[in-house]
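Open your viewer and get comfortable. We will go from one selection to the next and look at what turns up.

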Amino acid sequence: MKGISASPGIAIGSAYVLTKNKVTSTGTVLKSEDDIAREMDKFNKAVQASVDDIERVKSNASQNLNEDEMDVLDAHIELLTDPQLHGDVLEKIRAERKNAVDAVIQVIGQFIRVFKGMNDAYLIDRAADIKDIGNRILENLSNSREKTPPKFKFNTIVIADEISPSDAIALDMTTVIAFATRIGGKTSHTAILAKSKNLPAVLGCGAALDEIRNDDVIIVDGAKGLVIANPDEKCFEEYAAKFRQYHQENSFMPSLNSAPAQTTDGIKIKLMANISSADDMDDALMYGAEGVGLFRTELLFMNRNSFPTEDEQFQFYYSAALKARGKPVVIRTIDIGGDKPLDYFHLPKEENPFLGYRAIRISLDRKDIFVTQLKAILRASALRNVKAMFPMISGIQELRLAKQILEAAKQQLRESKVDFDERIPVGMMIETPSAAITADLFAQEVDFFSIGTNDLCQYTLAVDRGNEKIKDLYDPYNPAVLRLIRYMIEQARKYHIHVGMCGEFASDPLATVLLLGMGLEEFSMSAVSLPAIKKIINENDYEKAKMICEQVMSMDNSKSIIDYLTACSSK
Ligand code: PEP
Ligand code: MG
C-alpha cells in the first residue's frame, strides 16, 4: 500500500487497528423551548468535559509531554473555547431547532471546509485539529469516548484513519514503533509528532488499509511511503535485512557519536544539529552534534495569541545556548509566512505565499518585531557562542538593511548597559537563486553562509516544496541546483568565510560524498540523522570525493547522477 512518506525509518511489527465510534447525524427537530434549553446545556457540558479531558492528559506526569505536545493541547483548549464556534452551535440549536449532535456536526463541518479551502498546506492540515476537537465534543455528547486509552503490545504499528493530535499525545506510545493512516499530509500534526518521536510513518494510504486486522504482521517503510501487510517470506527477509542495516546506521553509537567527523585523508567536517527549541539540544548532544547549524525560532511564535516579548524570546534562545555548553548555536531570525503562518499576525491572503510577504521581508518591514528579536538574540550572545542568521535574503540591499538594524539593536543594548557579544558572527541563509548566483557579492559582507536547499530547490526548479502532485519534480539532484550549490561553496571558500548546509539535502546519505567533494565544511540536520552521515564521511576520502564531484558535474540529468552516486556508494 502506497501512502505519503511522512517520517523515515523501517519498522516491522504487529497491527493495532484503532477504531473510533463515529457519531452520525440524527435529523432530530427540537419541539419545545425546554428541548432547546436541554440541548444547549448538553453542548456546554460536553465542551467542558472535553476541556477537562485535555487538562487531564496535560497534568498526567507519566505522559512526559514535550513543549510541542503541550502547545498542541493548549491550541485544542483554545479551539474548544472559541466564541465563534460556540455562538454558531448555540445558534443552530436555538434558531434551527437542531439537537446538539447535529449542530456540532454541521458547524465543525463548515469550519473544516473553510480551512480545507485555504491555499496553504499548513492551514489545510490544521483542519485536522478542528475535526479532532469536534470528535471530542461529539464523543462526550454521546458518552462514547473511551476514557482509558488502549494498551498496546510490544512492537505495535498503529493503523488508523488518522492519529489526531490529541490521540498521538494521549496514547501510550512506549511500545508503538510506527504509524500508518488512511488520511493525513506531510505537514500534519501526525507527521510532526512522528518525526519528533523518531517513528516511521506513512500517511494518506486511503481505503487500502481497510484489509488490515489486529495482529497482522506489518512492515512500514517510512522513507518510501510503503505499508506491507502479511509479507511473504522473501519480502519479510528482505525487510528484516534492511531493518537491521537501518538500525545499525542510525542507532546511538557512543563511540561513533563522540568521535569527530573526518575523511580518511584527514579533512575535518563539522556536523551540526537543526533544532527548534532548547529541548532538542539533548538529542543534539547525545548524537554528537558539534553545535547547532540552524535554530528555527518560529516555534516560539506559533500556537499562541501574540508575539513573544523580548524577555520570553531571550529565555528561549538563552536556554538553548546554555545547554550547548560553549558549542556554537546559529539562531535564525523568524521565517514566518509562506508555509508558516501566524494566526494572530493576520498575514494578508496571497496568491503566491512562498513568493510573498515572508521571513526577512516581514522583519525588514516590521522593524519593531525585528529589533525585539535581535535584542533577545544579542542578549543570549552574552554566552559568546551565539551567531545570528537571516533567512530568505534575495538581494544585497536586504542584507545591508538587516545588518544596519542589527547595529541599531546593539546600540540600544549598549545604552542600557546590557552585556552581549560585540563581535557576534552574522550569516545568511542562501535559499534563493538570486542570492546563490551573486554569492560572490554576499560572501564579502557576511561571516558565514548556510545553504537552505529546501527553499533553494523549490525556487530554482519552480516546484512548490509542499505540493504532492509534483513531488517528483522536486529534485535537488537536478544539475541546476547542484551547480548553484557548488558555486556558493566555491565563493565562500574564495572569500574565506565558513559555509554550511542546513536544508534536508545535508542529511541525504547519497549526497554526502558529492557535497564533501564540492568542499562543504559543515552539514547540519536533525540530530538522529547525524550518525549515518558521520559514518559515510569517516569512510571516504576527500580527494576521491572531489573526483566523484567532477564526474557528477559533467552529467546532464539527475537520473544519471543518482545512478552514478548509488554505484559509487556500493563500492
Ligand atoms: C531551507 O529552506 O532549506 C531551510 C533550512 O529552511 P526552512 O526549511 O525552515 O524553510
Ligand atoms: Mg527555508
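**A tour of salt bridges and a ligand**

Start by selecting Lys410, which is buried, with a relative accessible area of 6%. Keep in mind that you are looking at a predicted model. Now add Glu407: its side chain forms a salt bridge with Lys410, the closest N and O atoms being 3.5 Å apart. Both residues sit in helix α15, 3 residues apart, or about one turn of the helix. Unlike its buried partner, Glu407 is partly exposed, at 39% relative accessibility.

Stay on helix α15 (residues 396-415) and pick Arg400. Its side chain meets that of Glu445 in a salt bridge, 2.7 Å from N to O. This pair links distant parts of the chain, 45 residues apart, with Glu445 in the loop between α17 and β14. Glu445 is partly exposed at 22%, and so is Arg400 at 39%.

Next, show ligand 1. Which residues are closest to ligand 1? Of the 14 that surround it, they are Arg296, Glu431, Gly452, Asn454 and Arg465. Zoom in on Arg465, where a polar side-chain atom lies 2.8 Å from an oxygen atom of ligand 1. Arg332 also places a polar side-chain atom 2.9 Å from a ligand oxygen. The protein buries 99% of the 290 Å² that ligand 1 exposes when taken alone. Color the shell by class and you will find 3 nonpolar, 4 polar and 7 charged residues. Helix α18 (453-461) gives the largest share, 3 residues.

Last stop: select Glu539 and Lys535, whose side chains meet in a salt bridge at 3.6 Å, N to O.

Conventions
Residues are numbered from 1 along each chain as its sequence is written. Chains are lettered from A and ligands numbered from 1 in the order in which they are written. This is a predicted model: local features need pLDDT of at least 70, side-chain atom pairs count only at pLDDT 80 or more; totals for chains, interfaces and linings use all residues. Side-chain values use heavy atoms; hydrogens and water are left out. A residue is near a molecule or strand if one of its heavy atoms lies within 4 Å of it. A polar contact is a pair of N or O atoms within 3.5 Å; within protein, one must be able to donate a hydrogen and the other to accept it, and residues adjacent in sequence count only if both atoms are side-chain atoms. Accessible areas come from the Shrake-Rupley method with a 1.4 Å probe; for residues, only the protein chains shown count as cover. Helices (H or I, at least four residues) and strands (E, at least two) are DSSP runs, numbered from the N terminus. Ala, Val, Leu, Ile, Met, Phe, Trp, Tyr, Cys and Pro count as nonpolar, Asp, Glu, Lys and Arg as charged, and the others, Gly among them, as polar. A salt bridge is a side-chain nitrogen of Lys or Arg within 4 Å of a carboxyl oxygen of Asp or Glu. Buried means under 20% relative accessible area, exposed over 50%, partly exposed in between (1.4 Å probe, protein chains only).
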